[in-house]
Amino acid sequence: MSEGPENIFFFPGSRGRRLLGVLFSPDPQRARGTGIVYCHPFAEEQNMSHAVALKACRALSGAGYPVLRFDLGGCGDSEGTLDDMEVPSWLEDVRSAVEVVGREPGVSSVGLLGLRMGAGLAMLQAAHHAPDVPFLILWEPVLDFTRHIRQFLRRSLVSQIVANATEKTSVEHLERQISELGRVDVIGYPVTRGLFESFCAVGTEPMNVKPHCPALVLSISQMDKPSSHLLAYRDLQRSAGSPAEFDHVQAEPFWDRYWRWECPEAIDRTVQWLKDKNG
């Protein structure tokens, strides 16, 4: 549990949108000079991972770090809708969140913690906008944004199967619909042409991001080893002499399970990694 207050407030993000933030403040006697911004995943993964993200923020605050959990524009309780969003807007929101934490008393630097797409955003932020980021913590990062948005489109196919719909579609058909009509709705989430194309524009860029700061890449799955994508990224980073450290915890993918409200394995490993790095 966090030992300090949890303050809810709004702050300006991309295009002046009001973003909801929750700042987890540590006990002043244990406060460190480094803050943390948590970047959440995409669509339903944000909702399903909420309980674990909350517990992670409280644990990190309890370890002395001021932590900001916030909703990206068009997500959660922040202003806007997905109809208006593209990946560059979210990167601007992340930069705004970093500025908010950086203004906290005693904070001289701000690290990034991201889950899934949020980890991909954290990687892009560090690569292009935050060369002085003190550390990155990447939980099961999305390394291919094109693949990620196409996997999300497949959820529409699954919902049709569950509903026993007579007219079946395909991912290719949905992509054509996005191109021709400007949007599709997937399990209640609009995917516009702009949003889809911004995911595709990022593509595999995170795969080629070489962290220039201490980084923990944490694989989380029920398997006894990381996915082939994370193993490929690990090998690529090791060959490039990256300072990134890789670890794996065997646990259910809580961002894909409404009934999975705990993941102490990931939280404990993260807190310990920070302790080892910073004492």
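Is Phe11 buried or exposed? Phe11 is buried, with a relative accessible area of 5%. That is a handy way into this one, so here are some notes. Keep in mind throughout that this is a predicted model.

1. **The sheet.** Start with the open sheet, which has eight strands in the order β1-β2-β4-β3-β5-β6-β9-β10 and mixed pairing. The edges belong to β1 (6–12) and β10 (244–250); each has a single partner strand, so one side of each has no neighbour in the sheet. From one strand to the next, the twist averages 20 degrees. As a reminder, strands of a sheet pair through backbone hydrogen bonds, in either a parallel or an antiparallel way.

2. **The β1 edge.** Strand β1 pairs with β2 (residues 18–24) over seven bridges, in the antiparallel sense. If you want one rung to look at, take Phe9, whose bridge partner in β2 is Gly21.

3. **A helix on the sheet.** Helix α4 (residues 117–128) packs on the sheet, where it touches β3 (34–39), β5 (109–115) and β6 (136–139). The direction of α4 makes about 145 degrees with that of β5.

4. **Phe9 and Phe11.** The structure holds 13 aromatic pairs. In one of them, the rings of Phe9 and Phe11 have their centres 6.0 Å apart and their planes at 45 degrees, so this pair counts as tilted. Phe9 is partly exposed, at a relative accessible area of 23%, while Phe11 is buried, at 5%.

5. **Phe42 and Trp90.** Here is another tilted aromatic pair, with 6.1 Å from centre to centre and 55 degrees between the planes. Phe42 sits in the loop between β3 and α1 (44–48) and Trp90 in helix α3 (residues 87–102), so the pair ties together parts that are 48 residues apart in sequence. Phe42 is buried, with a relative accessible area of 3%, and Trp90 also counts as buried, at 0% relative accessibility. Follow the rings outward and you get a cluster: ring pairs link Phe42, Trp90, Phe145, Phe152, Tyr189 and Phe199.

6. **The β7–β8 hairpin.** Tyr189 from that cluster turns up again here, as the bridge partner of Val186 in β8. Strands β7 (residues 183–186) and β8 (residues 189–192) run antiparallel and are joined by four bridges. Two residues lie between the strands of this hairpin, and Ile187 takes a positive phi near 40 degrees. The side chains of β7 alternate: Val184 and Val186 point to one face and are buried, whereas Arg183 and Asp185 point to the other and are not.

7. **Helix α8, length and faces.** Does the length of α8 match what you'd expect, and what is that expected span? At 1.5 Å a residue, the 12 residues of α8 (residues 228–239) should span 16 Å, and the end C-alpha atoms are 17 Å apart, which agrees. Leu230, Leu231, Tyr233 and Gln237 are the buried residues to look for in α8. Down the helix axis, the buried residues fall within an arc of 160 degrees, so they line one face. Turn to the other side of α8 and you find Ser228 and Ser239 exposed.8. **What surrounds α8.** Among the elements covering the buried residues of α8 are α4, β9 (215–221) and β10. That brings back α4, the helix that packs on the sheet, and β10, one of the edge strands. Just after α8, Gly241 takes a positive phi of about 70 degrees.

9. **Ala232.** This alanine also belongs to helix α8. Ala232 is partly exposed, with a relative accessible area of 33%. Met207 is 25 residues away from Ala232 in sequence, and their C-alpha atoms are 8.8 Å apart in space.

10. **Ala56.** Which residues is Ala56 in contact with, leaving aside its neighbours within four places in sequence? They are Trp139 and Ile267. Ala56 is found in helix α2 (residues 50–62) and is buried, with a relative accessible area of 3%. From Ala56 to Tyr38 is 18 residues in sequence and 9.4 Å in space, C-alpha to C-alpha.

Note on methods: Residues numbered from 1 in each chain as written. Predicted model: local features only at pLDDT ≥ 70, side-chain atom pairs only at ≥ 80, totals over all residues. Heavy atoms only, no water. Pairing = 2+ DSSP bridges. Axes fitted to C-alpha atoms, helices over the stretch in contact; angles between N-to-C directions. Contact = heavy atoms within 4.5 Å. Expected span 1.5 Å × (residues − 1). Buried < 20%, exposed > 50% of the residue type's maximum accessible area, 1.4 Å probe, protein only. Arc of directions from axis to C-beta. Phe/Tyr/Trp six-rings, centres within 6.5 Å; stacked < 30°, edge-to-face > 60°.
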